[in-house]
Amino acid sequence: MSRTYSRRYRQPSPPSPVQNLAWWKSPLILGSIIAGIGIIGSTLWIEYTTQRVIHIRADDSSDSAEKYSLERQQHCRASIQQYKPGDIAITTAFADRPINTQNISIFNSLSVLGQCNNSQRPIKNQQPGTSLILLLEDVNRLIKKERDRHNSNPVVVTITLQDTEPVANQPQPDDQQLQELVHQITAHQGTIMFMVEDPNLSSQLQTILSNETYAEICSFTDISNCVNKAFEVARKL
C-alpha cells in the first residue's frame, strides 16, 4: 500500500525556470530605442541646420503707448518662442528717441528666461512725440555693427508702433526718408514687420512701402502671427 501511495501521490517536479531574454535581444525594447534615437536625431538635425538670424525687437514706449503693455509682452513672448541657439537678440525701446536695452547671443531658453514679465516701460519721453525715423536710423546702425563683426546672418526686425508724432527740434517725418531707411534694412538680407495700432498710420505705411517685398504691416491684434511670419521669411533669406 505504501509503495502504491507513493507512486500515486508523488510531488510533481518544479517547472524549469523561464530564461529571460537579454534586453538587447528584445525586439520591442530595441524598436523603442531605435525610434527614440531617430526622433532625437531628427530634432537635433533640424535645430542645428536652421538658419540663424539677428533679431531686432523694437517697442513703442512713448507716453501715448503706455497702456499697451500687454502688446509689448505678447511681442516679447512670440519672439522668444522663435529663438534658436546661435541667434542674436537685440531689444530697443523708443519714444522721442530710441535706446537699446539688450544685445545677447541665444544659447538656450534660459538666456531670455523671465524677460517678458516686466511691464514697465524702459524709456519715457523727454519731450512729446514718437520718432520712427530715429528708430530706423538706429536699426540700420545696429545692422552695420553686426556686419562689421562679420555676422552675415539674415536680419528680422519687428516693431510695435502705436502712432508717430512730430518731435520738437527734430525734422518733420519724411515719407521718402522712411522708405529709404526701410530699403537699407531689406537690402541687407533683412525683413521688417510693423505691427501698428493706428489704422490711418497703417494705411500710410502700406502706401509708402508698397514696393518693399520684405516689409509688411499688420495690426496690434495679430502680433504673434506677424512675428512668426517675419522669422519664417528671415530664416529663408
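T213 sits in the loop between α6 and β6, and in this predicted model T213 is exposed, with a relative accessible area of 64%. T213 and T191 are 22 residues apart in sequence, yet their C-alpha atoms are 8.5 Å apart in space. That loop belongs to a bit of the fold worth getting to know: β5, helix α6 and β6 together make a right-handed β-α-β unit. Here's a tour of that unit, the rest of the chain, and a few residues to click on.

**The whole chain**

- Counting up the secondary structure, you get seven helices and six strands.
- Starting from the N terminus, the elements come in the order α-α-β-α-β-β-α-β-α-β-α-β-α.
- The chain has 237 residues, and 41% of them count as buried.
- Take the contacts between residues at least 6 apart in sequence: 78% of those join residues at least 24 apart.

**The β5-α6-β6 unit**

- The strands to look for are β5, covering residues 190–196, and β6, covering residues 215–219.
- These two strands run parallel, and five bridges join them.
- One pair to find by eye is V196 and S219, since S219 in β6 is the bridge partner of V196.
- The helix of the unit, α6, spans residues 199–208.
- A215 belongs to strand β6. Is A215 buried or exposed? A215 counts as buried because its relative accessibility is 8%, and the cut-off for buried is under 20%.
- Leaving out residues up to four places away in sequence, A215 touches V182, I192 and L209.
- A215 and T186 are 29 residues apart along the chain, but 7.4 Å separates their C-alpha atoms.

**R57 and S79, two buried residues**

- R57 is part of strand β1, which covers residues 54–60.
- With a relative accessible area of 8%, R57 is buried.
- Which side chain makes a polar contact with the side chain of R57? That partner is Q115, and the contact is 2.8 Å.
- R57 also has a list of contacts beyond four places in sequence, among them H75, C76, S79 and T158.
- S79 lies in helix α3 and counts as buried, at 0% relative accessibility.
- A polar atom of the S79 side chain lies 2.8 Å from the backbone oxygen of H75.
- Setting aside neighbours within four places in sequence, S79 is in contact with H55, R57, T158, V227 and F231.

**Pocket and cavity**

- The largest pocket has a volume of about 370 Å³. Of the 19 residues that line this pocket, the closest to its centre are R57, Q115, N118, Q120 and P122.
- So R57 turns up twice: R57 is buried, and R57 is also one of the lining residues closest to the centre of the largest pocket.
- Which element gives the largest share of the pocket lining? It's α3, with four residues.
- β1, α3 (69–82), β2 (88–94) and β3 (98–105) each supply at least two lining residues.
- There's also one cavity of 30 Å³ or more in the structure.
- The largest cavity has a volume of about 30 Å³, and its lining is made up of D60, A65, Y68, E71, R72, T160 and F220.

**Two residues with a positive phi**

- Some background first: most residues other than glycine have a negative phi.
- H150 goes the other way, with a positive phi of about 70 degrees although it is not a glycine.
- Where is H150? Look in the loop between α4 (132–148) and β4 (155–161).
- H150 counts as exposed, at 74% relative accessibility.
- N169 has a positive phi too, about 65 degrees, and is not a glycine either.
- You'll find N169 in the loop between β4 and α5 (175–187).
- N169 counts as exposed because its relative accessibility is 80%, and the cut-off for exposed is over 50%.

Conventions. Residues are numbered from 1 along each chain as its sequence is written. Side-chain values use heavy atoms; hydrogens and water are left out. Two strands pair if DSSP finds at least two bridges between them. A crossover is right-handed if, with the strands pointing away from the viewer, the path from the first strand over the helix to the second runs clockwise. Buried means under 20% relative accessible area, exposed over 50%, partly exposed in between (1.4 Å probe, protein chains only). Contact means heavy atoms within 4.5 Å. A polar contact is a pair of N or O atoms within 3.5 Å; within protein, one must be able to donate a hydrogen and the other to accept it, and residues adjacent in sequence count only if both atoms are side-chain atoms. On a 1 Å grid over the protein atoms alone, a cavity is a set of points where a 1.4 Å probe fits but cannot get out, and a pocket is an open set with protein on both sides within 12 Å along at least five of seven lines; lining residues have an atom within 4 Å of a point. Grid points are joined across faces, edges and corners, and a volume is the space filled by probe spheres set on the points.
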